[in-house]
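This report describes the fold and selected local features of one protein chain. It proceeds from strand assignment to the sheet, and then to individual residues and aromatic rings.

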Amino acid sequence: MSTGIVMAPVMNLLHILFLAVLQNMAPLRSFMISEDVTYDCIDIYKQPGLDHPLLKNHTIQMKPSVSRPELNNQFGKNKTYKKKMGCPDGTVPILRSSKEYISNAKLFAEKNFHPLSNDSPGTHIVGVRSSNGSYRGVEAWFNGFPLNIERDQASYSQVYIGSGLNNEVNFIQTGYMINPGVFGDGRLWTYGFWKGKDGKGCYNTACPGFVQVSREFPIGKPAGPEVPDWTHCSIHQDKGTGNWWLTILDVSNAPNIDIGYWPKELFNLISNGANMVGVGGVVQASHSGPSPPMGNGNFPNGDRMGSAIITNIEVLDSNYEQSRMDSFPIEKLLDSPNCYGLGMGKVKRFHITHLGFFFNYGGPGGNSCGI
């Protein structure tokens with residue numbers, strides 16, 4: 001009997017138990033971000049992420065072995081992560097999840113776009129990637145915009161890292177997402193997603209896997225009212241443990257924000273680095289055919305700030321040396337030029353003399369994007 005056949009009923013049972021655990025947790029404190037978004041302060045050792053069967057004997061890592069360097073940039077501050085929640089010591093903020101949210105997140109996780117491949121019906125991608133690994137991390141500055149999309153559509157901006165072997169993949173991605181089918185609204189959210197050794201994946205803390213460590217900043221939350229919303233994030237593999245950390249790299253000499261990590265036990269193809277890194281935009285079309293807008297809905301027109309932008313894209317090589325992404329062979333991804341566009345260039349960093357690699361992207365979508 002294959003591992004997949006065995007794991008399927010186990011994961012379904014886990015899903016049922018996970019719902020029960022969430023309902024029975026008594027938070028020590030709660031923060032209401034909006035009428036329908038509340039975060040509960042849960043004991044860090046009882047957080048739902050640790051209920052994954054692969055994490056039965058996992059020991060929580062409280063901070064990375066080596067901190068990521070803090071880089072200043074001219075494009076703006078991390079507006080999304082500016083406001084703290086401030087859970088009590090020993091607790092972490094976990095989104096209060098309804099049964100509908102968890103079920104929808106599980107459904108979308110099963111059909112989540114596979115960033116290591118272009119072949120996904122109804123999905124369109126714009127971006128750049130490099131498959132010249134081994135890589136230990138990737139980081140970038142990028143922005144997110146509110147968009148009007150339908151409930152059965154989705155629009156993402158993402159940074160990702162992963163590996164594939166035969167028909168199996170492991171990957172981690174983070175960025176901005178508008179996905180009414182998951183969140184129940186059309187707001188811009190930050191998110192993290194992983195797919196591991198059992199072939200399953202998960203958004204944020206909607207199911208077990210991600211270990212939240214920061215008591216002030218959760219992995220996924222609605223963006224603020226500022227337009228555009230900016231963030232500077234990093235995914236990197238810890239030198240000491242092999243866990244994959246999500247870190248927000250702040251500006252103005254503020255400390256990094258180590259949100260949490262995806263434990264190494266979840267993966268079998270990225271236990272010793274990954275062979276691909278990439279950044280870009282992704283959309284998922286409606287069942288009826290139309291594709292939603294991407295980025296800010298505008299085509300790149302030569303104006304660096306005229307459309308969505310991802311800039312200062314840096315990667316960590318197998319020796320944890322940091323370099324610009326364009327120091328490695330890169331592949332451009334644009335499967336539907338009728339609906340979306342891609343521009344590339346270099347921009348001088350604020351207070352730093354050498355050039356940073358950037359690309360801008362976006363488009364209105366529509367009915368002519370193809371399958």
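Strands are DSSP runs of E with at least two residues, numbered from the N terminus. The model under discussion is predicted.

**Strand β3 and Thr91**

Thr91 belongs to strand β3, which covers residues 91-95. With a relative accessibility of 4%, Thr91 counts as buried, because the term applies under 20% relative accessible area. The side chain of Thr91 reaches the backbone oxygen of Pro88 at 2.7 Å. Leaving aside residues up to four places away in sequence, Thr91 touches Leu28, Cys41, Ile42, Asp43, Ile44 and Arg215.

**The chain as a whole**

The chain contains three helices and 19 strands. It has 371 residues, of which 58% count as buried. Among contacts in the chain with a separation of 6 or more, 75% come from residues 24 or more positions apart. The exposed area of the chain is about 15400 Å², and carbon and sulfur atoms supply 51% of that area.

**The seven-stranded sheet**

Seven strands form an open sheet with antiparallel pairing, in the order β9-β8-β7-β6-β14-β4-β17. Which strands stand at the edges? They are β9 (201-203) and β17 (331-334); each has a single partner strand, so one side of each is left without a neighbour in the sheet. On average, neighbouring strands of this sheet are turned by 15 degrees against each other, direction ignored.

At the β17 edge, the pairing with β4 (residues 123-130) is antiparallel and extends over four bridges. One element of the register can be given by name: Val128 has Lys332 in β17 as its bridge partner. Towards the other edge, helix α2 (residues 99-110) lies across β8 (189-195) and β9, and runs at about 130 degrees to β9.

**Positive phi values**

Two residues other than glycine are of interest for their backbone torsions. Phi of Asn312 is near 50 degrees, a positive value; Asn312 is found in strand β15 (residues 308-317). Phi of Tyr320 is also positive, near 65 degrees, and Tyr320 lies in the loop between β15 and β16 (322-324). Are these residues buried or exposed, in full or in part? Asn312 is buried, with a relative accessible area of 4%, whereas Tyr320 counts as partly exposed at 21% relative accessibility.

**Aromatic pairs**

A pair of aromatic rings is described by the distance of the centres and the angle of the planes. A search of the whole structure finds 13 aromatic pairs, including the two tabulated here.

| Pair | Centre to centre | Angle between planes | Arrangement |
|---|---|---|---|
| Phe142 and Tyr176 | 5.7 Å | 80 degrees | edge-to-face |
| Phe359 and Tyr361 | 5.5 Å | 40 degrees | tilted |

The pair of Phe142 and Tyr176 links distant parts of the chain: Phe142 is in strand β5 (residues 135-144) and Tyr176 in strand β7 (residues 168-178), 34 residues apart. Phe142 and Tyr176 are both buried. Phe359 and Tyr361 are likewise buried.

Strand β7 is also a member of the open sheet, where it stands between β8 and β6 in the order. In addition to the tabulated pairs, one aromatic cluster is formed by Tyr156, Phe171, Tyr191, Phe193 and Tyr203.

How values were computed: Residues are numbered from 1 along each chain as its sequence is written. This is a predicted model: local features need pLDDT of at least 70, side-chain atom pairs count only at pLDDT 80 or more; totals for chains, interfaces and linings use all residues. Side-chain values use heavy atoms; hydrogens and water are left out. Buried means under 20% relative accessible area, exposed over 50%, partly exposed in between (1.4 Å probe, protein chains only). Contact means heavy atoms within 4.5 Å. Accessible areas come from the Shrake-Rupley method with a 1.4 Å probe; for residues, only the protein chains shown count as cover. Two strands pair if DSSP finds at least two bridges between them. Axes are lines fitted to C-alpha atoms, for helices over the stretch in contact, and angles run from 0 to 180 degrees between N-to-C directions. A polar contact is a pair of N or O atoms within 3.5 Å; within protein, one must be able to donate a hydrogen and the other to accept it, and residues adjacent in sequence count only if both atoms are side-chain atoms. Rings of Phe, Tyr and Trp (its six-membered ring) pair if their centres lie within 6.5 Å; planes under 30 degrees apart count as stacked, over 60 as edge-to-face and the rest as tilted.
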